Amino acid sequence: MAPLKFCANISWLFTELQDFSHRIYAAAAAGFQAVEAAWLYDCELQELQRAREATGVDVVLINTPPGDVKAGDLGLGAIPGREAEFRQGLDLAVKYAKALDCKRIHLMAGRVPVGSHRTAVAKEMEAIFVQNLNYAADVLSKEGITGLIEPINTRITDPRYFLDSPHQGKTLRRKHHEAVNEQMSELFQDLFHWQIMDGNLTENIHKYFPMIGHVQIAQVPGRNEPDSAGELNYSYLFNTLETYDYQGYIGCEYKPLGECSSEMWRSFARIIGCFSSTGIDNVLRRPPTLMTPSCSCGQSLWR
């Protein structure tokens, strides 16, 4: 049984550092062997490449661009009339993924348009999303990259997000599969979102495990460290994933409760080592000597 593998979500961790390339150094200094991120597109690609090459940290997941965030966009995959923009964003994501040797891209569905009722536009948005997934599958298969779709909860995080449950994700994948056969997207299991929308995590892991390509973790309801107080028993969930021999990465996408997120990660890693068969040596590594920034509390990000 392979040990679980964890990666730092540098859109949520090490945010005391403005530049994503600096956050890669910080993640390596904290002991992470891999990172994921939402949108890296404001950062110079060459700087990201240098950070990756200097640290040896793998970039394992990025998102497609969100669209116009100021106008309320959060992805374009299912948005009527935005197909051309989705394809442009996909091209940009592929450019970054290839340069960073990243093998997974989250294809963001987007939000139900303002003023529209979800049930009234559901069929149209579903058809557009499947069409865009089919297009993306063709593009990504040529590059050796896998696309993923992620349900995001509509009860706390984003009431207008189109794809909000694993059951809806399964339906989309089935229709996508009918069109493109084997070149289909994987399902993204963010345990925070799945717990809020449906609960029943043990059964849902069992039911959807064959299509799960990536996992993310945070405590419910505060979206803080998985070992903080909350609804989810992560020692049980980690052991469940180990029982199924999960081979992918587990992304640490949470809001740190304190200032120095690297030290919190090291504390969390010790908990992983205690509560699953994944020993701490498999979670953390002693990084090479690196020139890394300090965090906002003035402490070195490697101790």
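Reader: Hi! Which are the buried residues of helix H7?

Author: Hi! This is a predicted model, and in it the buried residues of H7, which spans residues 201-208, are Leu201, Asn204, Ile205 and Tyr208. They sit on the same side of H7, because the arc they cover around the axis is only 105°.

Reader: Nice. Why do residues three or four places apart point the same way in an α-helix?

Author: An α-helix has 3.6 residues a turn, so residues at that spacing face the same way.

Reader: Ile205 caught my eye. Which residue in helix H8 touches Ile205?

Author: That would be leucine 241, a residue of helix H8 (residues 234-243). Leaving out residues up to four places away in sequence, leucine 241 touches Leu4, Gln189, Ile205, Val215, Tyr246 and Ile250.

Reader: Is leucine 241 buried or exposed?

Author: Leucine 241 is buried, with a relative accessible area of 1%. As for its surroundings, phenylalanine 209 is 32 residues away along the chain, and the two C-alpha atoms are separated by 9.1 Å.

Reader: Let me zoom out a bit. How many helices and strands does the protein chain have?

Author: There are 10 helices and eight strands in the protein chain. The chain has 303 residues, and buried ones make up 56% of them.

Reader: And what share of the contacts with a separation of 6 or more is between residues 24 or more positions apart?

Author: Those pairs account for 75% of such contacts in the protein chain.

Reader: Charges next, my favourite topic. How many salt bridges are there?

Author: The count comes to 12 salt bridges. One of them joins arginine 82 and aspartate 73, whose closest N and O atoms are 2.8 Å apart.

Reader: Are those two residues buried or exposed?

Author: Arginine 82 is buried, at a relative accessible area of 19%. Aspartate 73 is buried too, at 12%.

Reader: Which salt bridge has lysine 98 in it?

Author: Lysine 98 meets glutamate 143 there, with an N to O distance of 3.4 Å. That pair links distant parts of the chain: lysine 98 belongs to helix H3 (residues 83-99) and glutamate 143 to helix H4 (residues 118-143), 45 residues apart. Glutamate 143 counts as partly exposed, at 33% relative accessibility.

Reader: What about a salt bridge with both partners in helix H4?

Author: Try lysine 142 and aspartate 138, where the closest N and O atoms are 3.4 Å apart. Both residues lie in H4, four residues apart, which is about one turn of the helix.

Reader: How open are those two to the outside, buried or exposed?

Author: Lysine 142 is exposed, with a relative accessible area of 63%, while aspartate 138 counts as partly exposed at 36% relative accessibility. Elsewhere, salt bridges that share partners join Arg52, Asp101 and Lys103 into one network.

Reader: Now arginine 23. What is its nearest side chain of opposite charge?

Author: Glutamate 16, at 7.3 Å. Arginine 23 is buried yet has no salt bridge. The cut-off for a salt bridge is 4 Å between the side-chain nitrogen and the carboxyl oxygen.

Reader: So what does the arginine 23 side chain reach instead, and at what distance?

Author: Its side chain reaches the backbone oxygen of isoleucine 10 at 2.6 Å. Arginine 23 lies in helix H1 (residues 20-30). Apart from neighbours within four places in sequence, arginine 23 is in contact with Ile10, Ser11, Leu13, Phe14, Thr15, Leu17 and Gln18.

Reader: Switching to strands: why is strand E3 largely enclosed?

Author: Five of the six residues of E3 (residues 58-63) are buried, so the rest of the structure largely encloses this strand.

Reader: In which sense do E2 and E3 pair?

Author: Strand E2 (residues 34-36) and E3 pair in the parallel sense, over three bridges. Glutamate 36 stands opposite leucine 61 in E3.

Reader: Last one! What is in contact with leucine 76, in the loop between E3 and H3?

Author: Not counting neighbours within four places in sequence, the contacts of leucine 76 are Pro66, Gly67, Arg82, Glu85, Phe86, Met108, Ala109, Gly110 and Asn132. Arg82 is the residue that forms the salt bridge with aspartate 73. Leucine 76 is buried, with a relative accessible area of 5%. From leucine 76 to proline 65, 11 residues apart in sequence, the C-alpha to C-alpha distance is 8.2 Å.

Notes
Residues are numbered from 1 along each chain as its sequence is written. This is a predicted model: local features need pLDDT of at least 70, side-chain atom pairs count only at pLDDT 80 or more; totals for chains, interfaces and linings use all residues. Side-chain values use heavy atoms; hydrogens and water are left out. Helices (H or I, at least four residues) and strands (E, at least two) are DSSP runs, numbered from the N terminus. Buried means under 20% relative accessible area, exposed over 50%, partly exposed in between (1.4 Å probe, protein chains only). Lys and Arg count as positive and Asp and Glu as negative; His and the chain ends are not counted. A polar contact is a pair of N or O atoms within 3.5 Å; within protein, one must be able to donate a hydrogen and the other to accept it, and residues adjacent in sequence count only if both atoms are side-chain atoms. Contact means heavy atoms within 4.5 Å. The arc is that of the directions from the helix axis to the C-beta atoms. Two strands pair if DSSP finds at least two bridges between them.
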